[in-house]
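Hi,

Here is the structure I promised to pass on to you. Have a look at it first, and then read on for what turned up in it.

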Amino acid sequence: MALVNPHGKEKVLKPLLLTGDELVSEKERAKSMKQVRLSSRETGDLIMLGIGGFTPLTGFMGHADWKGSVETCTMADGTFWPIPITLSTSKDEADSIAIGEEVALVDDESGELMGSMKIEEKYSIDKAHECREVFKTDDPAHPGVLMVMSQGDVNLAGPVKVFSEGSFPTEFEGIYMTPAETRKMFEDNGWSTVAAFQTRNPMHRSHEYLVKIAVEICDGVLIHQLLGKLKPGDIPADVRRDCINVLTENYFVKGTTIQAGYPLDMRYAGPREALLHALFRQNFGCSHLIVGRDHAGVGDYYGPFDAHHIFDQIPADALETKPLKIDWTFYCYKCDAMASMKTCPHEPADRLNLSGTALRKMLSEGEEVPEHFSRPEVLEILRRYYAGLTEKVDIKMHSHAIGK
C-alpha cells in the first residue's frame with residue numbers, strides 16, 4: 001500500500017520554497033520592494049506554504065476563499081479548507097500598495113526577509129464573524145480570537161515565493177521536518193498507515209496510552225509537536241522535545257514512532273483546528289489523526305468531544321486522513337492500568353484523570369504529582385524546567401482538565 005495522497009485535486013505536494021540561483025535572484029529583487037511585516041502566526045503560515053504543508057495553496061487567501069473557508073470549510077474551487085490562511089496589514093499600508101505590485105515579506109520579530117508576494121487582491125473582513133464561525137466565540141479572552149481581532153484591517157492576497165524556513169531547521173535540528181522528509185522516512189520504514197499524534201504538551205500517561213493504541217493498529221506513529229508560539233503558561237518546544245525523547249526511548253518499542261515538529265503557532269480553534277491538523281497531516285503522509293479529548297481546545301469553549309463530532313459533519317471525501325477517535329482516558333486504580341470510558345467499568349472515584357493543564361498546574365505550584373500521572377523520567381525534566389523559571393506561572397484549570 002502507498003501513503004495517502006497530498007491534499008487537493010492534483011494530489012501532489014506543492015512546496016513554494018525557492019532554492020539555488022532562483023532564491024539568490026529573487027532575494028536580490030525583493031530588496032527594492034516595499035516591505036510588509038508578518039506576525040508570528042503569518043510567518044509560520046508562510047513557512048508551511050514554503051515546505052508544502054499547506055498544499056495545494058499557492059499563497060494567502062483572497063476574499064472568496066476566505067469567505068468559503070470561514071463559512072463552509074470550502075474554498076472557491078471546491079477544495080476543503082477549514083481555517084482561513086490570511087495576511088493582514090493596516091489600511092494606510094494597504095492603500096500604499098498597488099494591485100499587481102510585488103512586496104517583500106519580513107518577519108516582524110527577527111527582521112528576516114522570508115519571501116515575496118504579488119498582490120492580487122486587497123479586502124476587509126468582519127473579524128468578529130470569522131471568530132464566531134471558526135472559534136465558535138468572539139470572546140477576546142480566547143487566545144485565537146485575540147489573535148484575529150488584533151490583526152490589521154485589510155487582508156492582502158496573492159501567490160507567494162518563500163525564501164526561508166526561519167530558525168526552525170537549526171533551533172530544532174533533528175525534529176523539524178518537511179512533508180517530503182516525513183514521507184521519505186515512512187517509505188523507508190515500510191509504513192503505509194501512519195497515525196499523527198498532535199501535541200503542544202509534554203506527553204503524560206494518557207498521551208502515551210493514545211499513541212500506543214495507534215501503534216497497535218497502524219504501521220507507526222508520527223509524534224508531531226507544534227514548534228511555534230503558544231499561550232502564556234504552556235511549556236516551550238525544546239522542553240517538550242526532551243520529554244518526548246526520554247519517553248519514547250524508555251517506554252516504546254524502537255522503530256514504532258518518529259518525533260517531528262512543524263512551524264505553526266497554535267490557534268486554539270478546537271474542532272476546526274482538528275480538521276486543519278488532519279488536512280496538513282495528510283500532506284505529511286499520515287493516514288490517521290489521533291483525536292482525543294478536547295483536541296486543540298482551550299478553557300471551556302468546546303465540548304470534550306466536539307472535535308470527534310465535526311469529522312462526521314464534513315463530506316466523506318473531504319480528507320483522505322481519517323480521525324482515530326479515542327474516548328476519555330485515565331488511570332484506573334481498580335483496573336490497575338490505563339483505560340478509557342469504553343474499557344473501564346469502575347466509578348469516577350476509582351480513576352485518576354490526566355491532563356496537560358493539571359500537570360502544568362501541579363508542577364508550577366510545586367505540588368506532588370500523583371503516581372501514574374506521568375513517567376518519572378519526564379517529570380524530572382519538567383521539574384528542572386519549572387525550577388529554572390524566574391516568574392511563577394499562573395495556570396487556570398477548566399472543566400475538561402478535571403474530568404467534568
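**Two annotated spans and how they meet**

Over residues 5-164 the chain is 33% helix and 21% strand, with the end C-alpha atoms 26 Å apart. Before going further, please keep in mind that this is a predicted model. UniProt, in an unreviewed entry, gives that stretch, residues 5-164, the feature "domain: ATP-sulfurylase PUA-like".

A further feature from UniProt, also in an unreviewed entry, is "domain: Sulphate adenylyltransferase catalytic" at residues 175-385. That span is 36% helix and 18% strand, and its end C-alpha atoms lie 20 Å apart.

The domain assignment splits the chain in its own way: domain 1 covers 20-165 and domain 2 covers 174-388. Taken over C-alpha atoms, the centres of domain 1 and domain 2 are separated by 28 Å.

**Where the domains touch**

How many residues of each domain are in contact with the other? Domain 1 brings 33 residues, and they are in contact with 27 residues of domain 2. The size of an interface is often given as the accessible area lost when the parts come together. Between domain 1 and domain 2 the buried area is about 2,500 Å², and carbon and sulfur atoms give 65% of it.

Two salt bridges are found across this interface. Asp-45 pairs with Arg-267 in a salt bridge whose closest N and O atoms are 2.7 Å apart. There are also 15 residue pairs in polar contact across the interface of domain 1 and domain 2.

Which helices build the side of domain 1 that touches domain 2? At least two residues each come from helix H2 (40-51), helix H3 (63-72), helix H5 (127-134) and helix H6 (143-149). H2 supplies the largest share of that side, seven residues. By type, the residues on the side of domain 1 that touches domain 2 are 17 nonpolar, nine polar and seven charged.

**Salt bridges in the whole structure**

The structure holds 25 salt bridges. One of them joins the side chains of Lys-34 and Glu-101, at 3.6 Å from N to O. Lys-34 sits in strand E1 (residues 34-38) and Glu-101 in the loop between helix H4 (91-95) and strand E4 (102-107), so this pair ties together parts that are 67 residues apart in sequence.

I hope this helps you find your way around. Do write back with any questions!

Best wishes

Definitions and conventions: Residues numbered from 1 in each chain as written. Predicted model: local features only at pLDDT ≥ 70, side-chain atom pairs only at ≥ 80, totals over all residues. Heavy atoms only, no water. Domains from an automatic or database assignment. Contact = heavy atoms within 4.5 Å. Buried area = accessible area lost by both parts, 1.4 Å probe. Salt bridge = Lys/Arg side-chain N within 4 Å of Asp/Glu carboxyl O. Polar contact = N/O pair within 3.5 Å; in protein donor to acceptor, adjacent residues only side chain to side chain. Helix = DSSP H or I, 4+ residues; strand = E, 2+ residues; numbered from the N terminus. Nonpolar A, V, L, I, M, F, W, Y, C, P; charged D, E, K, R; others polar. UniProt positions renumbered as here; feature names shortened; annotations may be inferred.
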